[in-house]
Amino acid sequence: MHWLFAVILWAFTLAHPVLAGPGHDHGHDHGAQSEIAAPEIPRLQSSSSDLELVATAEGHTLTIYLDRFATNEPVEGATIEVSGDSIPTVTASPVGEGVYEIEGEWLDHPGTYALIFMVSAGDTMDLLNGTLDILGPEAPKQDAANSWSDLLAQPMVWAIGGLAALFGFFFSFAFRPARLPGEPAASAVPHSDTVAKQGSKAAAAVLVAIVSVLAQASDVHAGPGHDHGEPAATPTGGNAPRKLPDGTVFVPKNSQRLLRVRTTVTEITDAAEGRELIGVVISEPSASGHVQAPMDGQIELTDRGIAFVGQRVGRGEVLAMLSPTIPVADRGSLQQLTAEVEGKLRIAEQKLARLTRIAGVVAQREIEDTQTELEALREQQRVLAPKSAEKLKLTAPVAGVISIANVKAGQVVSARDTLFEIVDPQRLWVEAIGIGGHDEMKIQAAYAIDAEGHSIALSYVGRSPTLRQQSLPILFKVEDTHEALTIGSTLRVIMQGEKEARGIVLPQAAVVRALNGMAQVWVKVAPEKFEPITVTTIALDGSRVLVSKGLDAESRVVVEGSELINQIR
């Protein structure tokens, strides 16, 4: 019997969970929650068709946040009277943007308080109510793993107990005394007692081993600070923005004001369906020009110097001077021709002088012909004068801003070299690449979206009748020029046709990207709770999109601050 008592006592000792001292926990508590709950702030939420109210209690101060229900815009200058059962009526004092406070000693006492808020904000008067639960200090909870009920509820315990019973039954027969009933005890006592004692010891050893395994299967609990079984949990509760396990996001009212969260109530409507293309900014052909060298020569300065990039010039303004250069071979021929002209000129002068002296003898016609010949030879002499003394003016063909200047003083250029390019930044076009079968008559409106997200109105000009890489260039004129537009930059072009689609129109800023890359919007499902909704969108005009699938009417969608809510983890 003393072996049975020792085994039972050993079972009770080892089956109880082992509690280690602080700093040596290497397991994890299966009965505890996976998150460490921070102190939850008592809060009350109430809303109507016009207003939305959230109240939080901290200490003996009740903070009230008042917003518009549809837009989530803070309501300032409101009068809020707070009352309740056994609570005197108190008028809240404004302390911030749509934030009001009251003081009360009743807030220091735990309990459930039914509160009534009489709100007067301009032409809006509303009555809101709700229940505020103020909890007292939490009593320490007993560890569930320390109870025998939880231990016996585990299937492994019953399985090991059954195995122990089978082993006990086996050993009771295997090591029973080797004698039959009625035989003399003296003849078999020494041998049978020895076998019985050995069997009982072996059975006890097996039972102890089984109970030890049972004890090891129970949880081992340690003091705080050294749990190496699981990573540290994220604190929950409190008054901080956080993502909830169901995918929604909790954003308290004070954080909504910091993020400037604004919403709109959705409604289904019809809008012209858009098509998105890739475009490039180009200059208007009639407002741009090139300045090229008409012949070989050398660049020289004007009175104001040489024009530079970024300089605004007028039409016909001199940009630089070009001094022509003559090749060596042509220079010899020119000298020969010059000498020949000079000889003819001297002969003509002498002839004219002789005829003038005998004017009364010769005919007047002959004198006039000689004078005409003399004037022609002088003109040839002027033309054949050294070209180094002649300079050509390089002028601007159009008014605008110089975008390219490939010249320097003393630079030698060749004929047809492009020296300057002039554009008008206020007169720009966009060349978009469309599909080959696009019908130009269906374009009702067009918009360009630059890299900074600006929406720029375009007007349709025309399209090329020739395919370029299996696509048709479509030209648009920029109606409202933005300073961010630069020639050669790539942008998105959205064209609207005659076909209409049914859906919900939202600002482009309301649509964000989820972690999987899908488009989604954030819907406000409670005063401080937001839910992500995956949607399908159609481009409209760059600043707006049409949600065709995924979103219902009468939903409060975040239109400002959605990108910041999307980053809350």
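**Exercise 1. How many bridges join β3 to strand β4 (residues 61–68), and in which direction do the two strands run relative to one another?**

Solution. In this predicted model, eight bridges join β3 to β4, and the two strands run antiparallel. One pair can be placed by name, since Glu 58 has Thr 61 of β4 as its bridge partner. The strands form a hairpin with two residues between them, and in that hairpin Gly 59 takes a positive phi near 70°.

**Exercise 2. Describe how strand β2 (residues 43–47) is joined to β3, and state why β3 is largely enclosed by the rest of the structure.**

Solution. Begin with the pairing: five bridges join β2 to β3, and these strands run antiparallel. Within this pairing, Arg 43 stands opposite Thr 56 in β3, and the hairpin formed by β2 and β3 has three residues between the strands. Turn next to accessibility, for which buried means under 20% relative accessible area. Seven of the eight residues of β3 (residues 51–58) are buried, so this strand is largely enclosed by the rest of the structure.

**Exercise 3. Decide whether Thr 263 is buried or exposed, and list what surrounds this residue.**

Solution. Locate the residue: Thr 263 lies in strand β14 (residues 262–265). Its relative accessible area is 4%, which is under the 20% limit, so Thr 263 is buried. The side chain of Thr 263 reaches the backbone oxygen of Ala 70 at 2.7 Å. Leaving aside neighbours within four places in sequence, the contacts of Thr 263 include Phe 69, Ala 70, Thr 71 and Asn 72, together with Lys 524, Arg 556, Val 557, Val 558 and Val 559.

**Exercise 4. Give the strand order of the open sheet of four strands that contains β17, and identify its edge strands.**

Solution. The order is β20-β19-β17-β22, with antiparallel pairing. The edge strands are β20 (392–395) and β22 (412–413), each of which pairs on one side only. Two bridges join β17 (residues 297–300) to β22, and these strands run antiparallel; in β22, Val 412 is the bridge partner of Gln 298.

**Exercise 5. Where does pLDDT stay under 50, and what is its mean over the chain?**

Solution. The mean pLDDT of the chain is 78, and 74% of its residues reach 70 or more. Residues 139–146 stay under 50, and for this stretch the model has 11 contacts beyond four places in sequence. Residues 185–192 are also below 50, with six contacts in the model beyond near neighbours in sequence.

Note on methods: Residues are numbered from 1 along each chain as its sequence is written. This is a predicted model: local features need pLDDT of at least 70, side-chain atom pairs count only at pLDDT 80 or more; totals for chains, interfaces and linings use all residues. Side-chain values use heavy atoms; hydrogens and water are left out. Buried means under 20% relative accessible area, exposed over 50%, partly exposed in between (1.4 Å probe, protein chains only). Two strands pair if DSSP finds at least two bridges between them. pLDDT is the predictor's confidence in each residue, from 0 to 100. Contact means heavy atoms within 4.5 Å. A polar contact is a pair of N or O atoms within 3.5 Å; within protein, one must be able to donate a hydrogen and the other to accept it, and residues adjacent in sequence count only if both atoms are side-chain atoms.
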